[in-house]
Amino acid sequence: MSHPTPALELRSVEKSHGGQPVLRGCDLTVERGDMVALVGRSGSGKSTLLSIIAGLDRRYTGSVEIFGQDLAKLDDRRLARLRSVEVGLVFQSFQLLDHLNTLENVLLPAYLSDGGMTTALRLRAEEQLARVGMGGFGQRRPSELSGGQRQRVAIARALLLSPQLLLGDEPTGNLDRQTGAEVIALFSELHRTGLTILLVTHESRVAAVASRVVRLEEGRVSDGGAAEASG
């Protein structure tokens, strides 16, 4: 019986900055339904690796496959579609547009998708806001929201087109302890629904809710095993 294609598979991924190696032959497999925490010291290359996985940085060697699709073989249009439809991205800095209200920010991936804007998508955006505890905030501007509320909006936006893989780059990095704990609980809830999640983090409390922890040290990925090993 054949096994399903992994959600993510990295083989021998290498990357240098200014002639200095940052990633040195990274191998990583994330199975469907996993919640993986990628941990490592500041400056270890975690965000660089996530940018490559998300298709935001194409200057690397090795291979990156998402659900069996080799990113290096996708043209810009297909890669953009994969990022907006099949993969959801959540950033430390939220990446919300302040000239748009909350609902419009959540709808941004719809403008980038082939299907365009529909009434069904507007309804889905409202449903996703409610799902992350932001129902009734659709007309607010990001500047009117707290950091935790903005991150919830960013998560709702990442979920709009029902991605199969959710990537987070230090998603609690700009949040206080209590607000961060609430966002971590939200990721755990999403994982329980079957969503595959990969979170880059330096926080042990994020790694503690993951089903698996991997470390990035000296440019290489190693399996950290149990969550409590994250440090």
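Reader: Which residues in α6 do Arg124, Gln128, Leu129 and Arg131 in α5 meet?

Author: This is a predicted model, in which local features need pLDDT of at least 70, side-chain atom pairs count only at pLDDT 80 or more, and totals for chains, interfaces and linings use all residues. Residues are numbered from 1 along each chain as its sequence is written, and side-chain values use heavy atoms, with hydrogens and water left out. Helices (H or I, at least four residues) and strands (E, at least two) are DSSP runs numbered from the N terminus, and contact means heavy atoms within 4.5 Å. In α6, the partners of these four α5 residues are Val153, Ala156 and Leu159.

Reader: How are α5 and α6 oriented to each other?

Author: Their axes, which are lines fitted to C-alpha atoms over the stretch in contact, with angles from 0 to 180 degrees between N-to-C directions, come within 9 Å and cross at roughly 135 degrees. Angles under 35 degrees count as roughly parallel, over 145 as roughly antiparallel, 65 to 115 as roughly perpendicular and the rest as oblique. The two helices are therefore oblique.

Reader: Which element gives the most to the largest nonpolar core?

Author: A nonpolar core is a set of buried Ala, Val, Leu, Ile, Met, Phe, Trp, Tyr and Cys residues joined through side-chain atoms within 4.5 Å; buried means under 20% relative accessible area, exposed over 50%, partly exposed in between (1.4 Å probe, protein chains only). This core has 40 residues, and Ile155 and Leu160 are among those that touch the most other members. Elements that each supply at least two residues include α5 (119-131), α6 (147-159) and α7 (177-192). With six residues, the element that gives the most is α6.

Reader: Which strands stand at the edges of the open sheet, and why is one side of each left without a neighbour?

Author: Two strands pair if DSSP finds at least two bridges between them. Four strands form this sheet, with antiparallel pairing, in the order β2-β1-β4-β5. Because each edge strand has a single partner strand, one side of each lacks a neighbour in the sheet; these strands are β2 (20-30) and β5 (69-70).

Reader: What is the bridge partner of Leu89 in β7?

Author: Strand β6 (residues 87-91) is mostly covered, as four of its five residues are buried. Five bridges join β6 to β7 (residues 165-169), and the two run parallel. In β7, the bridge partner of Leu89 is Leu167.
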